[in-house]
Amino acid sequence: MSPLQKAAATILCMTFALMVLATILVPAPYARQFRDVPNAGPSTAHLLGTDALGRDSLSRLLYGTRVSLLLAPAAALLSTLIAALLGSAAGFLGGWFERIVLAVTDLSLSLPWLFLLLTVRAMLPLDVPPMLSVIVAFLMMGLLGWQASVRVICAATRGVKDSDFLLLARSSGCKPSRLLLRHVAPNLRPLFYAQFWISIPLFILTEANLSILGLGVMEPMPSWGNLLRGFEDFPSLAANPCRLVPLILLVIVVMCFQLVLPSQEVTQ
Amino acid sequence: MRRAWAFLAFSFVLCRSTAVRAESAGPSGGELHFCLHGEPKTFNPLLVEEDSSETVRYLTGGVLIRLNRQTQALEPGLAVSWRVSQEGRRISFRLRTGLYFSDGTPFTAEDVAYTMKALMDPQLHSPTGDSFRSGEGQVDVQIPSSDTVVVTFPAPVAGLERLFDQVAMLSAHSPKKEMAVLGPFYVADYSPGSYVLLKRNANYWKKDKEGKPLPYLDSVRLDIQRNRDIELLRFRRGEIHLINALDAEYFDRLQKETPAVVHDAGTGLDSEQMWFNQVSAAPLPEHKKNWFRTTEFRKAISMAINRADLCRIVFGGHAHPALGPVSPANHFWFDSSLPVPQYDSAGALRLLERAGFRLESGTLRDSSGNHVEFTVITNAGNKSREQMVTLIQQDLSQVGIKVNLVTLDFPSLIERITRTYDYEACLLGLVNTDLDPNSQMNVWLSSAENHQWNPKQPKPATAWEADLDRLMHAQSSAATDKKRKSDFDKVQQIVEEQQPFIYLVNKDAMSAVSPAVVGSSPSVLDPHAFWNAEVLRMGADPALGAQK
Amino acid sequence: MIKEEKAAKLFRHALRRLLFLFCLGIGGALLSATLVRFAPGYGVQERELDPRWSAQSVEALRQKQVLREGLASFYFHYLSALAHGDLGESDSLKRPVGELLRQRLPTTGKSVVRGLGFAWLAAALLASLGLASRGWLYEASSTAFSSLLLSLPSAVVAMLAVHLRTPVFCAIGVVVFPRLHRYIRSLLVRSYDQPYVLAARARGLGSGAIFWRHVLPVAAPPLLALFGVSFAIAFGAAIPIEALCDSPGLGQLAWQAALSRDLPLIVNVTLVVCLVMLAANSLADLAGSTLAGSTQ
């Protein structure tokens, strides 16, 4: 690992530590409103100031880090699992099954899901606890984010399928399911891991985009995207630069993920 | 060589500045530029339903009687004088003569008759027409002479004269149909999705005190801009000259930079309220329905909410706690004997205990031991409502009640409150453009659609709702304004006792007007900033340098 | 003779592919129509909350919604109208959908094309500069720069664009640029590290000749594939960016359609978006495979 990658990995570890220790470090519950000091600047009581409703910004940032960093990997896991299943099956079976899977992938990639998410959200029941609604939000992202990985996995599976050792296994009478599980999957495991790690920063960014549009994590639960919502008002940002801290943290973490990971190919 | 360039540059600048000066020094009043928040769905004044079309109608329509938004008194418009008789069943107008539509067609009593007949056509479904529908039967319009019109309704219409402020006259004969207008401007150009251009109507009848023809402005350009942040940005840059309805947050932003442009006309007519679902057929657990139907529960919730904090934090002080359905800005109809809502958590808890609730280890439980918890829905994208519910969450946690917030987009929200009744509590605002409470008939009648907490009841579910029905019918057919007021005062008192709607705040009427606009005086009634558009003028202002 | 056969084969293949894409697009459009139709809030309008409406008017309003047919007949009517080139009428805007699309597509098209041009130019420039000076400082700073841009959520980029008064295509360009830059850079590095390039340089061939005769022909297929993918990315990013910047293009139309549950508009906008994205991705595939095949 180059020194740059080591530095990035250290930053990531520190952020994860921060997230785990959030409950201990946090000065006040994230929902508690200090109504005497709305929109305050940094002070000894509130290190990063308060937001419009008087809630401590530092607490909300720590909790938001927890929400975003715990659940982006969950969404990434789900999407990688789906992509792994579909991609490897498609690559392995080939023929019309592969064509169908690729067509569905293409279609799913092309549909403008952003505004369809509006309708999906409205279908949720009303009395879900906030944490559950956050999990549902990330599940939805996971269910809609698998397309990018499928093609890579499909191509890789095809490569493995044509390899010599598989030919050998097949000629010695191995059943297809055993072939898939015992020979193909283990060879693809590094690829699955790579896709999983690559997806995490993508989901962090997706969550941020959705929350800014109002489709992500709902109030009062904080998340990085949520904390970016007040950004249309640039003059007040200039007046109170502490408000930029969530954005800076998000950018740094995503950059670190990109530096640590193997470089991502855009086309396959 | 350099000198030549300098000379060229200098002369170019000179030409430009002369050109700008020439524009503003001429006899013209300039072009007023502001934004509509959506596409105007129609240019037919009889079919106007939403804000954008209403703006176009206000600026282009000629009405018989105009409500002066500043003095709140009625003024003659196209009608020189009018008389209401038969206790609100008949109104006769004497019209101005010698007037022409914007395309030159003469204006006669026939046009008034045509407009009224078209408006009262039972096949026409429009809020304007429905406001007049007080009873079954045909509306009769007579033209006794060329400048007199008599309209007779099947049943008395409460507040009849005021309603004519919404009725813009159509031409019976003009080939341009509804595009021929009698107002200060007419629609010259419409680019869908982009802008509506209104130009000065040379045939407008009104003249100013010196006899000069109105309006002063040459044209009004209405850009279609949905995004309020971008609208604010453009206002700051000088691209648009006014923002008609300003939110408290934007008001504060602007005030910090240029205090002279923002105007807070005082408490407005709009209110924000919360209500509980009292529909018996609602798909909610029985115990929750029982809570919502208990008067003490609703009153306790109302007591436990800190309205002063809502006004201070969410609206930055640009709102006042609401006492009831009518805002104090509505001088005549507001019942000043109503008690001011007090913030009293202890008192709320006592009320709840009287109703059988108990506070145990920080959580409130009802008599059967269920945790008291409910969800408030409101529309997504409205920051102040989300913030209000967040503040209410903390307030109600003081009495051990857990409140959840769910924001939904408007269609889903409306489906839940009008069709499926699958909700527990809802927080929405009421935009009140009409001073007369008769337009709220459908809110207070238990059999009506807009009786939000329990609409379309076959017969009143409670005694107090039966009282409301009786009083609303009484005020709608009462002979004198005084009698109407005493009836409606009783309605306000019942609402305060029973809290079907928990009124939270009355927002201030705020607007922003650029100093380049001369003659504006923002009012409490809508349209706040351009109600006197005919006397507005663009003055020469160095800030106009960024004009587009 | 062989060339003609090959061309005819390619043409037939392309035609089949286009037809397949069109069917897929229609499938996607109808799928989104189903989703919207059965989602809560369909057929309900904000105007119902106006207390001035009389009971009969509200009933009439609701009847008009009910008259709107069930889903199967909607499909049938839509497809048969589509065969005649009629795309239906928008419920919320009360104008023919074809007219709306005709107005909005050029705006979006222009933003996307300009944004792509901007991104490609910037990426190519920076990548070739990187090649020229292979110092680690340049390497590190350009990596950091494109990493930074890649880490900004596109919504934040859109808000910056609004505030800095830059046109929409700049935001789109900024979103696409970092992805292009990384790939082009790695592609060029790989190409220049090939043994035959080294040999050519040893023989004394000029850098221009090396580029045109050895590097470009091999790099062309993946670059063309990248072009297709970048088009898809740009178009996909254009939708939320336009909605946020309030630019009168397809993105804003899609957002409005979703908010008001306007079924005819949603179906057609989805169809257009699907077709464009599918075509872009197919171009990428086609270019990648056929050209790669032809240079072998």
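Trainee: Start me on a single residue pair. Which residue in β7(B) is the bridge partner of B:Phe93?

Mentor: B:Val149 is the bridge partner of B:Phe93. Keep in mind that this is a predicted model.

Trainee: Which strand of chain B pairs with β7(B) over five bridges, and in what sense?

Mentor: Strand β5 of chain B, residues 90-95, does so in the antiparallel sense.

Trainee: And which strand pairs with β7(B) over four bridges?

Mentor: That is β6 of chain B, residues 140-145, again antiparallel. Here B:Ser145 has B:Thr148 as its bridge partner. β6(B) and β7(B) make a hairpin, with two residues between them.

Trainee: How should I think about side chains along a strand?

Mentor: In a regular strand, side chains alternate between the two faces of the sheet. For β7(B), look at the cover as well.

Trainee: How many of the five residues of β7(B) are buried?

Mentor: Four of them, in a strand that spans residues 148-152.

Trainee: Now the interfaces. How is their size given?

Mentor: Often as the accessible area lost when the parts come together. Chain A and chain B bury about 2,100 Å² between them, with 51% of it on carbon and sulfur atoms.

Trainee: Which residues of chain A lose the most area to chain B?

Mentor: A:Arg35, A:Leu53 and A:Leu126, together 37% of what that side buries. In residue counts, 21 from chain A are in contact with 27 from chain B.

Trainee: How many salt bridges are there between chain A and chain B?

Mentor: Three. In one salt bridge, the side chain of A:Arg229 meets that of B:Glu386 at 3.8 Å, N to O. Six residue pairs are in polar contact across this interface, both residues at pLDDT 80 or more. Helix α5 of chain A, residues 113-122, gives the most to chain A's side, with three residues. By class, that side holds 10 nonpolar, one polar and 10 charged residues.

Trainee: What area do chain C and chain A bury between them?

Mentor: About 3,800 Å², 77% of it on carbon and sulfur atoms. C:Ser151, C:Met159 and C:Trp255 supply 15% of the area chain C buries there, more than any other three residues. The contact involves 48 residues of chain C and 38 of chain A.

Trainee: How many salt bridges does the count give between chain C and chain A?

Mentor: Zero. Polar contact is found for three residue pairs, both at pLDDT 80 or more. Several helices of chain C each supply at least two residues to its side, including α1 (2-38) and α9 (207-245). That side divides into 33 nonpolar, nine polar and six charged residues.

Methods
Residues are numbered from 1 along each chain as its sequence is written. Chains are lettered from A and ligands numbered from 1 in the order in which they are written. This is a predicted model: local features need pLDDT of at least 70, side-chain atom pairs count only at pLDDT 80 or more; totals for chains, interfaces and linings use all residues. Side-chain values use heavy atoms; hydrogens and water are left out. Buried means under 20% relative accessible area, exposed over 50%, partly exposed in between (1.4 Å probe, protein chains only). Two strands pair if DSSP finds at least two bridges between them. Contact means heavy atoms within 4.5 Å. Buried area is the accessible area (1.4 Å probe) that two parts lose on being put together, summed over both. A salt bridge is a side-chain nitrogen of Lys or Arg within 4 Å of a carboxyl oxygen of Asp or Glu. A polar contact is a pair of N or O atoms within 3.5 Å; within protein, one must be able to donate a hydrogen and the other to accept it, and residues adjacent in sequence count only if both atoms are side-chain atoms. Ala, Val, Leu, Ile, Met, Phe, Trp, Tyr, Cys and Pro count as nonpolar, Asp, Glu, Lys and Arg as charged, and the others, Gly among them, as polar.
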